[in-house]
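This report goes through selected local features of the structure shown below. It takes salt bridges and surface charge, then backbone geometry, then a sheet.

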Amino acid sequence: MALSDRLEMVNPSEIRKLFDLAAGMKDVISLGIGEPDFDTPSHIKEYAKEALDKGYTHYGPNAGLPMLREAVARKLKNQNGIEADPKTEVMILTGANQAFLMGLAAFLRDGEEVLIPSPMFVSYAPAVILAGGKPVEVPTYEENEFRLSVGDLERHVTEKTRALIINTPNNPTGSVLTKNDLEEIADFAVEHDLIVFSDEVYEHFVYDGVKNHSIASLDGMFERTITVNGFSKTFAMTGWRLGFVAAPAWVIEKMVRFQMYNSTCPTTFAQYAAARALDDPRSWEAVEEMRKEYERRRNLVWKRLSEMGLPTLKPKGAFYIFPRIRDTGLTDREFSELMLKEARVAVVPGSAFGKAGEGYIRISYATAYEKLEEAMDRMEKVLKERKLV
């Protein structure tokens with residue numbers, strides 16, 4: 001099947017559809033797009049200016065600047081317990097999202113299946129389809145805090161299964177896999193000889209004393225894991241478009257070849273700034289300040305949603321919350337449209353994240369505390385007027 005045929009199988013993001021509609025409306029509070037509302041820390045911007053003055057305005061290596069790959073390797077060792085050779089097992093991407101299509105293209109053959117826990121980030125299934133594979137949704141459940149279990153996986157694995165995608169902390173549910181969860185998933189991956197994609201872009205935003213763990217740090221797992229991360233969420237650098245991957249050398253070699261003929265290389269002066277940022281204590285102080293503020297916002301939104309009668313798990317990570325709205329008698333799309341039209345609050349229907357998201361909505365609390373208070377007031381007013389709770 002040609003790539004043009006596969007593109008016909010991939011629909012535009014439901015999130016973007018909603019926000020195209022919201023763009024033409026006045027006084028809308030957006031709780032939809034997953035983007036930090038914080039500015040990139042000023043010292044990181046200064047590093048970018050420094051890079052420009054030093055002449056980092058030319059092509060760089062296809063795999064990324066050595067100084068950034070080395071800084072990433074140090075970060076992985078010190079923070080994640082992952083030993084990766086910066087020369088052969090680390091590469092820099094034009095945003096972490098590239099990792100899925102490029103990584104899948106390194107090994108996936110036509111018709112092979114990829115297990116994806118659902119609700120899931122909107123890019124996973126399209127990446128599998130574009131790479132020639134078949135995405136297989138593995139439902140997770142509110143009763144288990146939307147954490148993936150081996151029991152869930154066993155019901156969907158077949159002889160055609162080639163890979164598994166995990167995302168912790170999770171978008172859209174905010175769930176965080178425990179170390180025991182990961183150990184069981186690792187055993188499952190070994191038993192079925194699977195490659196694991198571990199999306200860890202929200203790793204630093206965890207709450208209530210929870211710790212995020214990297215599956216690639218477990219014994220024997222580095223050789224079958226593609227660890228995906230980036231700078232967009234951690235350092236509020238979404239517009240800089242920088243991500244990174246740690247994986248076995250044979251995977252990196254093929255991904256670099258893909259990038260060579262795709263984007264050539266990530267932006268060089270942005271890479272310089274990211275490398276300096278990783279080794280600067282001020283960066284991690286800024287991350288902790290953001291984490292604390294996200295936790296404060298999470299507490300507010302969780303409390304207000306619960307009080308207005310929408311059953312809501314308290315998320316342990318990321319900056320999303322996933323209330324159940326099916327008890328209102330509306331579908332998640334109907335609920336989202338109602339909130340947009342009558343409350344002027346933009347939220348995302350849970351079904352945009354897979355079948356297991358039906359009956360829920362995703363709210364991003366990556367927006368100012370005062371706006372969140374106003375949004376909750378507006379939502380509650382509409383729910384009471386409509387007698388939906």
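In this predicted model, the side chains of Glu 46 and Lys 49 form a salt bridge, with an N to O distance of 3.2 Å. Both residues belong to helix α3, which covers residues 42-53. Because Glu 46 and Lys 49 are 3 residues apart in that helix, about one helical turn separates them. The distance of 3.2 Å can be set against the cut-off for a salt bridge, which is within 4 Å. Over the whole structure, the search finds 31 salt bridges.

Charge also appears in a surface patch. Glu 154, Glu 183, Glu 184, Asp 187 and Glu 191 gather there, and the patch is negative. Helix α8, residues 179-191, is the main contributor, giving 4 residues. Glu 154 is located in helix α7, which spans residues 150-154. Membership of such a patch requires that a residue has no salt bridge and over 30% relative accessible area.

Helix α11 allows a check of length. It runs over residues 281-307, a total of 27 residues, and at 1.5 Å a residue it should span 39 Å. The C-alpha atoms at its ends are 40 Å apart, which agrees with the expected span. The expected value follows from multiplying 1.5 Å by one less than the number of residues, so the count of 27 is not used directly.

Several backbone angles deserve a separate listing.

| Site | Feature | Angle |
|---|---|---|
| Ser 118 and Pro 119 | cis peptide bond | omega about 5° |
| Thr 168 and Pro 169 | cis peptide bond | omega about -10° |
| Arg 241 | positive phi | phi near 55° |
| Gly 309 | positive phi | phi about 95° |

Pro 119 sits in the loop that links β3 (113-118) with α6 (124-130). Pro 169 is placed in the loop between β5 (161-167) and α8. The loop between β7 (225-230) and β8 (243-246) holds Arg 241, whose positive phi occurs in a residue other than glycine. Gly 309 comes just after α11.

The last topic is a sheet. How are its 3 strands ordered? The order is β9-β12-β11, the sheet is open, and the pairing is antiparallel. The edge positions are taken by β9 (320-321) and β11 (348-349); each has a single partner strand, so one side of each has no neighbour in the sheet. Strand β12, residues 361-364, is joined to β9 by 2 bridges, and these two strands run antiparallel. Tyr 320 faces Ser 364, a residue of β12.

Note on methods
Residues are numbered from 1 along each chain as its sequence is written. This is a predicted model: local features need pLDDT of at least 70, side-chain atom pairs count only at pLDDT 80 or more; totals for chains, interfaces and linings use all residues. Side-chain values use heavy atoms; hydrogens and water are left out. Two strands pair if DSSP finds at least two bridges between them. Patches are made of residues with over 30% relative accessible area and no salt bridge: like charges are joined within 9 Å, nonpolar side chains (Val, Leu, Ile, Met, Phe, Trp, Tyr) within 5 Å. Accessible areas come from the Shrake-Rupley method with a 1.4 Å probe; for residues, only the protein chains shown count as cover. Lys and Arg count as positive and Asp and Glu as negative; His and the chain ends are not counted. The place of a charge is taken as NZ of Lys, CZ of Arg, CG of Asp or CD of Glu.
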